[in-house]
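User: Please take a close look at one part of this model, and then go on to the other local details that can be described. Give the cut-offs for your terms as you use them.

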Amino acid sequence: MNVLGIGGYSHDSAAALVCDGQLVAGVAEERLTRVKHQGGAPREAVAYCLEAAGLKPDDIDHVGCYMKPGFRMARRIAYRITQIPRSPIYSAVYAGYELIHNARYIRDMRSLCGPGAELHYMEHHPAHAASAFLVSPFDEAALLTIDYIGEWATTWRGKGEGTHIDALGSVNYPHSLGVFYSAITDYLGFMRASDEYKVMGLAPYGEPEYYDDLKKVVCMNEGADYHIDLSWTTWQSRPGSRHGYFSDKFIERYGLPRIEGEEVEQRHKNMAASAQKLLEDYVLQMVRALHAKTKSKNLCMAGGVALNCAMNGRLLREGPFENIYVQPASGDDGIAIGVAYQLFHEATGEPRSFEMQDARIGPEFSDEAIRAALDSSGLYYERPDDLETSTAELLAKGRIVGWYQGRMEFGPRALGSRSILADPTLADMKDRVNNVVKHRESFRPFAPSCLRERASEIFEGCDDSPFMLFVYPVAESWRERLPAITHVDGTARVQTVDANLMPRFHKLISAFEERRGVPLVLNTSFNVMGEPIVNTPEEALNCYRGTGIDALAIGDYLALKKGV
Ligand SMILES: [Fe+2]
């Protein structure tokens with residue numbers, strides 16, 4: 001039984017393939033087309049999944065898609081009609097857009113469906129929930145999904161048992177914590193629906209000065225639901241109007257939005273801190289109510305908001321659940337996994353037999369392909385006897401090294417397949433990595449990859465965090481030794497590296513520890529700002545050549561720049 005899942009369409013399109021209950025391949029379209037957050041039909045991603053499994057289109061039995069088009073269109077157009085008195089032109093344009101979008105979506109999904117396959121449209125939030133629960137280590141779990149908007153739901157709660165998922169309630173548009181956080185992102189001069197992690201990174205530099213007041217914008221109801229006081233917002237009637245997604249009332253209270261490129265002032269930092277605290281406190285309250293209702297020890301989360309690792313860390317520390325699982329691609333791309341598993345279990349009735357412990361389900365390239373790319377690049381390279389130790393020596397000398405190994409990760413994080421590594425003990429390393437390759441905002445922290453068996457010594461409460469989706473406090477005694485990965489609030493977004501799952505990466509970090517005394521390296525994604533993470537060896541070599549990366553460990557080879 002071969003089931004193809006399609007995630008995303010408005011943005012972050014992706015495909016994943018489940019064969020006989022095993023997840024054999026998955027990739028986001030952006031990595032193949034090189035257009036960040038690429039939407040539309042993920043044709044190249046589908047082609048990759050088929051090729052990786054050695055299948056033809058007519059070998060696919062079922063295709064699952066991430067949204068129910070009729071439900072989405074009916075609800076959204078009906079809502080726009082209610083908004084005609086407030087904004088007639090926008091409402092009419094939006095309704096027309098919905099009709100066109102819907103027709104295109106159906107056409108594109110049909111075009112991805114091979115001759116023998118059955119096409120299924122799945123409901124968005126249950127599919128998000130399935131994308132975490134059905135590949136989690138738990139037989140039963142409470143489920144929480146929070147995003148911008150699905151067909152109509154924006155926040156959804158449920159319970160999973162075996163292969164079965166039950167809904168327990170939802171919050172619907174225009175009430176959306178995801179839209180609120182995106183609107184704050186836009187207000188702070190960053191790109192909505194893309195740069196939310198910048199708000200999260202900025203938050204620890206501020207004080208939650210506006211927290212109490214923002215609770216009048218997003219209001220917690222009795223129990224676990226919330227609503228937005230729409231007098232503060234414009235997204236429900238006319239998004240992107242004069243002051244972004246907030247009304248004149250909001251601007252009078254909090255001041256004009258920051259324009260991109262303007263200085264980040266203290267009030268911006270305070271707004272980020274206030275919004276982050278509000279998000280964390282509200283989700284914590286929701287999670288407590290969900291725990292009381294489900295009595296489960298386990299929680300699975302998905303949706304774009306579940307990528308907020310500062311929030312996730314707090315849920316782990318302060319929330320009632322013993323275990324929390326967030327799938328590495330918890331945004332719309334990862335829904336591809338959810339729909340594929342939902343359909344697989346529905347079609348076969350088989351129990352679960354797969355647990356997603358590893359995000360590396362994307363393209364990989366042979367030794368011949370890597371060597372051919374190196375030869376045609378004209379760059380100097382060697383084949384060291386011990387690549388891991390040679391790389392560790394370079395890192396210990398303060399070099400910045402590209403680390404390109406095996407299959408690409410699914411999801412937004414680089415986890416040791418398409419990474420840039422550096423020494424986390426050097427105080428100037430954050431600025432150096434930023435200056436020579438990443439060119440990103442100075443307030444954003446870099447993350448560590450740490451030997452799994454050593455993580456709990458250094459990061460409080462951290463036993464296992466393979467997907468870098470939880471923030472942990474760095475133990476007081478380690479903070480000064482790890483300036484390049486310790487954020488201003490004393491936390492770090494940790495990846496734990498398991499010796500059995502990632503022997504080469506584990507060996508490299510161990511060799512680094514022998515030289516520098518810390519069992520971790522700084523790990524950031526292998527790309528420059530604004531571009532997707534590199535996929536092919538040629539892309540890795542171009543990024544290496546065009547930036548200040550000192551060396552590149554690619555497959556079994558080590559490319560070195562002059563004087564390194
Ligand atoms: Fe979503």
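Analyst: The answer starts with the metal site and then moves to helix packing, two single residues and some backbone details.

This is a predicted model, in which local features need pLDDT of at least 70 and side-chain atom pairs count only at pLDDT 80 or more, while totals for chains, interfaces and linings use all residues. Residues are numbered from 1 along each chain as its sequence is written, and side-chain values use heavy atoms, with hydrogens and water left out.

The iron ion has as its protein donors His 124 (NE2), His 128 (NE2), Asp 147 (OD) and Asp 332 (OD), at 2.2 to 2.3 Å. Donors are N, O and S atoms within 2.8 Å of the metal (3.2 Å for Na, K and Ca); water is not among the atoms, so sites may look incomplete. The angles subtended by the four donor atoms run from 87 to 168 degrees, so the arrangement is irregular. Four donors count as tetrahedral if all angles lie between 85 and 135 degrees; four count as square planar and six as octahedral if opposite donors are over 155 degrees apart and all others between 65 and 115, and anything else is irregular. Along the sequence, the donor residues follow the spacing H-x3-H-x18-D-x184-D. Distant parts of the chain are linked here: His 124 is in helix α5 (residues 124–133), and Asp 332, 208 residues apart from it, is in the loop between β12 (323–326) and α12 (335–348). Helices (H or I, at least four residues) and strands (E, at least two) are DSSP runs, numbered from the N terminus. Both His 124 and Asp 332 are buried, where buried means under 20% relative accessible area, exposed over 50% and partly exposed in between (1.4 Å probe, protein chains only).

Next, helix packing. Helix α3 (residues 69–82) packs on helix α4 (residues 88–112) at about 175 degrees, with the axes 9 Å apart. That angle makes α3 roughly antiparallel to α4. The axes are lines fitted to C-alpha atoms, for helices over the stretch in contact, and angles run from 0 to 180 degrees between N-to-C directions. For helix α10 (residues 266–294) and helix α11 (residues 309–318) the angle is about 45 degrees and the axes are 10 Å apart; α10 and α11 are therefore oblique to each other. Angles under 35 degrees count as roughly parallel, over 145 as roughly antiparallel, 65 to 115 as roughly perpendicular and the rest as oblique.

Two residues can be placed by their surroundings. Asn 535 sits in the loop between β20 (520–525) and α19 (537–546) and is buried, at 5% relative accessibility. Leaving out residues up to four places away in sequence, Asn 535 touches several residues, including Arg 31, Tyr 404 and Arg 418; contact means heavy atoms within 4.5 Å. Met 1, in the segment before β1 (2–7), is partly exposed, with a relative accessible area of 30%. Met 1 and Val 18 are 17 residues apart in sequence, and their C-alpha atoms are 8.1 Å apart.

Last, the backbone. Tyr 173 and Pro 174 are joined by a cis peptide bond, with omega about 5 degrees, and Pro 174 is in the loop between β8 (164–172) and α6 (177–187). Ala 193 is not a glycine, yet its phi is positive, near 60 degrees; its place is in the loop between α6 and α7 (196–202). His 439, also not a glycine, has a positive phi of about 50 degrees and lies in the loop between α15 (429–438) and β16 (447–451).
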